[in-house]
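Here are some exercises to work through with the model open in your viewer. Try each task yourself before you read its solution.

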Amino acid sequence: MSSCPPSILYIHGLNSSPLSQKASRLSVALEGLGLADHLRVPALHHHPRQAIAQLEACIAELGRPVLVGSSLGGYYATHLAERHGLKALLINPAVTPHRRFDGYLGPQTNLYSGEVWELTKDHVAALAELETAPPQDAGRYQVWLQTGDETLDYRDAERFYRGCALRIQAGGDHGFQGFDERLPALLAFAGFDPQTWLGRL
C-alpha cells in the first residue's frame with residue numbers, strides 16, 4: 001500500500017481550463033473540506049506534448065495522484081495511468097481523438113481564456129503518439145458516461161473501456177450533468193478517508 005497521501009490531478013479537455021464547471025466545483029469542494037493541497041488543476045497548453053510535460057511534472061510533485069480526466073483529458077489520463085500504473089476516473093473521455101479532427105484543423109479558441117491558437121497536423125500526430133491499448137488492469141479505472149453527450153459518442157468509450165467499472169447514465173451532456181452529486185464517489189475512489197467528507201458534501 002502506498003505511503004503517499006491521497007491526491008487528485010484533474011485534467012481538463014480541449015479548449016477548456018481550470019475555470020471549467022467540473023474543475024471549479026471540485027476545487028471549491030476540496031477547499032471547503034480543507035483538502036485544497038491535495039488537488040492540482042493545471043491550465044494545460046493546447047499542444048499535447050507540452051500538456052503531457054505539464055502533467056508529468058504534476059505527477060512528480062504529487063507522487064501517485066489519482067487522475068481525473070474529462071473529454072480529451074480522459075485520453076491524456078489513460079495514457080498517463082498506463083504509463084505510471086495510476087488510478088484514473090474518466091468523465092465522458094475521448095477515445096482516439098487524433099482520428100476525429102478531419103475538417104477541424106485551423107484556428108481554435110479557448111472557451112475560458114479567449115486564447116486563439118492553430119490546430120495543426122503536428123497536434124494530431126502528437127495525440128496519435130499517446131494512443132494506448134484498452135486497459136489491462138481494469139480495477140484501476142472508473143469511467144463515467146452520459147448517453148446524451150453531444151460531442152462524443154459514449155458507445156466508443158463503452159467499448160474501449162468495457163473491462164472497467166462503467167457508470168453509464170441516460171441523458172446528460174458532454175459537460176456531465178449531476179457532477180456535484182458524484183463528488184463523494186470521486187473522493188471515495190481517490191482514497192480519501194470518508195471522515196473528511198461524509199455529510200459535508
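**Exercise 1. Find which residue of β2 is the bridge partner of L9, and describe the strand pairing around it.**

*Solution.* Keep in mind that this is a predicted model.

Step 1. Start at L9: its bridge partner in β2 is R40.

Step 2. Move up to the strands: β1 and β2 pair in the parallel sense, over 2 bridges.

Step 3. Look at what packs on these strands. Helix α1 (residues 21-32) lies across β1, β2, β3 (66-70) and β4, and it runs at about 160° to β1. Helix α3 also packs on the sheet, where it touches β1, β3, β4 and β7, and its direction makes about 150° with that of β3.

**Exercise 2. Work out the strand order of the open sheet of 6 strands, and say which strands stand at the edges.**

*Solution.*

Step 1. Follow the pairing across the sheet: the order is β2-β1-β3-β4-β7-β8, with parallel pairing.

Step 2. Read off the ends. β2 (39-40) and β8 each have a single partner strand, so one side of each is left without a neighbour in the sheet.

Step 3. Now examine the β8 end. Strand β7 (residues 141-146) pairs with β8 (residues 165-169) in the parallel sense over 5 bridges. One residue of β8, Q169, is the bridge partner of Q146.

Step 4. Add the helix: β7, α5 (residues 154-160) and β8 together form a right-handed β-α-β unit.

**Exercise 3. Determine which residues touch the most other members of the largest nonpolar core, then follow L9 and C58 through their contacts.**

*Solution.*

Step 1. The largest nonpolar core has 36 residues, and those touching the most other members are L9, I11, L55, L67, Y76 and Y161.

Step 2. Trace where this core comes from. Two or more residues are given by each of β1 (8-11), α2 (48-62), α3 (72-84), β4 (88-91), β6 (116-119), α4 (121-129), β7 and α5. Apart from it lies another core, of 24 residues, including L30, L35, L89 and F176.

Step 3. Take L9 and leave aside its neighbours within four places in sequence. L9 is then in contact with R40, P42, L55, C58, I59, L62, P65, V66, L67 and V68.

Step 4. Repeat from the side of C58, a residue of helix α2. With the same exclusion of neighbours within four places in sequence, C58 is in contact with L9, R40 and P42. C58 has a relative accessible area of 11%, so it is buried.

Step 5. Check the separation: C58 and L9 are 49 residues apart in sequence, and 7.4 Å apart in space from C-alpha to C-alpha.

**Exercise 4. Classify the ring pairs of Y161 with Y141 and with F160.**

*Solution.*

Step 1. A pair of aromatic rings is described by the distance of the centres and the angle of the planes. A search of the whole structure finds 3 aromatic pairs.

Step 2. For Y141 and Y161, the ring centres are 6.3 Å apart and the planes stand at 40°, so this pair is tilted. The pair links distant parts of the chain, since Y141 is in strand β7 and Y161 is in the loop between α5 and β8, 20 residues away. Y141 and Y161 are both buried.

Step 3. For F160 and Y161, the centres are 4.8 Å apart and the planes are at 80°, so the pair is edge-to-face. F160 is buried, as is Y161.

Step 4. Put the two together: ring pairs link Y141, F160 and Y161 into a cluster.

**Exercise 5. What is the phi of S71, and what is that of T96?**

*Solution.*

Step 1. Set the background: most residues other than glycine have a negative phi.

Step 2. S71 is not a glycine, yet it has a positive phi of about 60°. S71 is in the loop between β3 and α3, and at 13% relative accessibility it counts as buried.

Step 3. T96 is not a glycine either, and its phi is positive at about 45°. T96 sits in the loop between β4 and β5 (106-109) and is buried, with a relative accessible area of 13%.

**Exercise 6. Locate L201 and list what it touches.**

*Solution.*

Step 1. L201 lies in the segment after α6 (179-190) and is partly exposed, at 44% relative accessible area.

Step 2. Not counting residues up to four places away in sequence, L201 touches A29, L33, L183, P184 and L187.

Definitions and conventions. Residues numbered from 1 in each chain as written. Predicted model: local features only at pLDDT ≥ 70, side-chain atom pairs only at ≥ 80, totals over all residues. Heavy atoms only, no water. Pairing = 2+ DSSP bridges. Helix = DSSP H or I, 4+ residues; strand = E, 2+ residues; numbered from the N terminus. Right-handed = clockwise from strand over helix to strand, strands pointing away. Core = buried A, V, L, I, M, F, W, Y, C linked by side-chain atoms within 4.5 Å. Buried < 20%, exposed > 50% of the residue type's maximum accessible area, 1.4 Å probe, protein only. Contact = heavy atoms within 4.5 Å. Axes fitted to C-alpha atoms, helices over the stretch in contact; angles between N-to-C directions. Phe/Tyr/Trp six-rings, centres within 6.5 Å; stacked < 30°, edge-to-face > 60°.
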